[in-house]
Amino acid sequence: MSLAELLRIAWDGLITNKVRSLLTMLGVIIGVAAVIIMTGVSAGTEATIADQINSLGANLIFVTNSFARTNVSAGRMMGGGSLTYDDALAIAEQVPNISGVSVEQSSMQTVKYGAGSIDSVTILGTTPDFPTVRDVTIATGRWFNATEVDRATKVAILGATLAEDLFGEADPIGSKISVGNTKLTVVGVTAERGTVAGQDWDARLYTPITVVFERFAFSRFAGMQGNMVNTIYVQAPSASALEDTIVQVELLLARRHGVTLDEPDFTIQTQQDIITAQGSTTAAFRDLLGWVAGVSLLVGGIGIMNIMLVSVTERTREIGVRQAVGATPGDVRAQFLAEALMLSLAGGLLGVAGGIGGAWAANAMGQMRTVVLPQSVLLAFGASAAVGVIFGYYPASKAAQMDPIAALRHEDRIDPRHKLG
């Protein structure tokens, strides 16, 4: 029997019961669509995290305190200690060919202007290089300079949203605001940036880090240990210069802290290190979602096997007639296997369309970011084909093993719409 004839017979067998065939395919459709959508959601989350980390600035090196003796692949995290503002100044002065160095120290304060008052505003003390290192744009006014940091000049730069909440349409430049018990003069307003890495940058107030040390985060140990900071941001001039800059920073800090590079008391990471660490977490989550969605495919395969077994029983006399006119057991097996494969492939195609469409709709509606992975489409469609073969083989074999004489004696009515070929 030719392939064309086999496919024609299998197709005729399926369209005889269109509704039943469609319902049988439903499990495969849902399974394939679920695999594509769930992996798309996970990949979208991973891409969003990467974008947020990269939006913090280009070619960044993150130097942080290390309090746990834990090995990492880069060999850069062991020991325990603290970073200080003086460390940042030393990096800026002694590490060659860097684009900028910045540190941050934050506090939560009430900000007032006139009759208006806003509670729990993030006051971020930082340095003159902050706009360059962290990719912040000034919309009006200016950023503070090194002299103002050295002298702890009481100036402030407002985030776009904070400026609007305090001043409305009025120009805030030159106005004095109350931050806690301290008066600051507004010298600039940042351009809108939105929420990055869970932080609303437009609702912040920026001021020289020395002002935060003196007014909002005073430490009695600063005289002995220096003003401690959680993170130092170093911007390399290019991606190719990252490794060389990291080595220079490691050597400088190890010398300043009196530690060895085998057991440093600080951690150095790049944006790619953070993205990779986040990616391993989301990849595990994506695998879990894929397995959950794969259960739907398994259920769909069981549905195909169940319906094919019913079909074999209903068409017992048809099988007997086909064998009587010369069909071999292999022909019968191929017919029913082709029907099962058609069900699964058709369900797979509809599932792919539904999965891509569902992912696109989720993106378009802004509910969540989704990224359809080509490999997930191929995997889901290949799995649907495998489901048809695996779960269709047993019913096909059962049909092929029927005794033709017993099949012909079966009293079930032959549906006149079946074409025996």
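**Exercise 1. Burial and overall make-up**

Task: State what percentage of the 421 residues in the chain is buried, and how many helices and strands the chain contains.

Solution. Step 1: In this predicted model, buried residues account for 46% of the 421 residues in the chain. Step 2: The chain holds 14 helices and 15 strands. Step 3: Sequence separation can be added to this outline. Among contacts between residues at least 6 apart in sequence, 77% join residues at least 24 apart.

**Exercise 2. The packing of H3 against H9**

Task: Describe how helix H3 and helix H9 pack, giving the angle and the axis separation, and list the residues that meet.

Solution. Step 1: H3 spans residues 85-94 and H9 spans residues 242-257; the two helices pack at an angle of about 135°, with their axes 10 Å apart. Step 2: This angle makes H3 oblique to H9, because an angle counts as roughly antiparallel when it is over 145 degrees and as roughly perpendicular from 65 to 115. Step 3: The crossing of H3 past H9 is right-handed. Step 4: From H3, the residues Asp-86, Asp-87, Ala-90, Ile-91 and Gln-94 take part; from H9, their counterparts are Val-249, Leu-252, Leu-253, Arg-255, Arg-256 and His-257. Step 5: Sorted by character, the residues of this contact comprise five nonpolar, two polar and four charged.

**Exercise 3. The nonpolar cores**

Task: Identify the residues with the most contacts inside the largest nonpolar core, and determine which element supplies the largest share of this core.

Solution. Step 1: The largest nonpolar core has 36 residues, and Val-63, Ile-91, Ile-232 and Val-234 have the most contacts inside it. Step 2: At least two residues of this core come from each of strand S1 (60-65), H3, strand S3 (100-103), strand S7 (155-158), helix H7 (209-216), strand S14 (231-235), H9 and strand S15 (266-270). Step 3: H9 supplies the largest share, five residues. Step 4: Ile-91 may be examined individually. Not counting residues up to four places away in sequence, Ile-91 touches Ile-98, Val-101, Ile-232, Val-234, Val-249, Leu-252 and Leu-253. Step 5: Another core lies apart from the one just described; this core has 23 residues, including Val-32, Leu-343, Val-352 and Val-377.

**Exercise 4. Two enclosed helices**

Task: Name the buried residues of H7 and those of helix H11.

Solution. Step 1: In H7, the buried residues are Ile-209, Thr-210, Val-211, Val-212, Phe-213 and Phe-216. Step 2: Since six of the eight residues of H7 are buried, this helix is largely enclosed by the rest of the structure. Step 3: In H11 (residues 316-324), the buried residues are Thr-316, Glu-318, Ile-319, Gly-320, Arg-322 and Gln-323. Step 4: Gly-326 follows H11 and has a positive phi, near 115°.

**Exercise 5. The H12–H13 pair and Gly-388**

Task: Establish the relative orientation of H12 and H13, then list the residues that Gly-388 touches.

Solution. Step 1: Helix H12 (residues 329-364) and helix H13 (residues 374-400) pack at an angle of about 155°, their axes being 7 Å apart. Step 2: The two helices are therefore roughly antiparallel to each other, as the cut-off for that class is an angle over 145 degrees. Step 3: H12 and H13 form a right-handed crossing. Step 4: The residues of their contact divide into 18 nonpolar, six polar and one charged. Step 5: Gly-388 is located in H13, and its relative accessibility of 0% places this glycine among the buried residues. Step 6: Gly-388 touches Leu-337, Ala-340, Leu-341 and Ser-344, not counting residues up to four places away in sequence. Step 7: Although Gly-388 and Val-28 are 360 residues apart along the chain, their C-alpha atoms are separated by 9.4 Å.

**Exercise 6. Positive phi outside glycine**

Task: For Asn-97 and Ser-120, give the location of each and decide whether each is buried or exposed.

Solution. Step 1: Asn-97 has a positive phi of about 55° although it is not a glycine. Step 2: Asn-97 sits in the loop between H3 and S3 and counts as exposed at 64% relative accessibility. Step 3: Ser-120, likewise not a glycine, has a positive phi of about 55°. Step 4: Ser-120 belongs to strand S5 (residues 116-126) and is exposed, with a relative accessible area of 53%.

Terms used
Residues numbered from 1 in each chain as written. Predicted model: local features only at pLDDT ≥ 70, side-chain atom pairs only at ≥ 80, totals over all residues. Heavy atoms only, no water. Axes fitted to C-alpha atoms, helices over the stretch in contact; angles between N-to-C directions. Helix = DSSP H or I, 4+ residues; strand = E, 2+ residues; numbered from the N terminus. Parallel < 35°, antiparallel > 145°, perpendicular 65-115°, else oblique. Left-handed = near helix turned anticlockwise from the far one by under 90°. Contact = heavy atoms within 4.5 Å. Nonpolar A, V, L, I, M, F, W, Y, C, P; charged D, E, K, R; others polar. Core = buried A, V, L, I, M, F, W, Y, C linked by side-chain atoms within 4.5 Å. Buried < 20%, exposed > 50% of the residue type's maximum accessible area, 1.4 Å probe, protein only.
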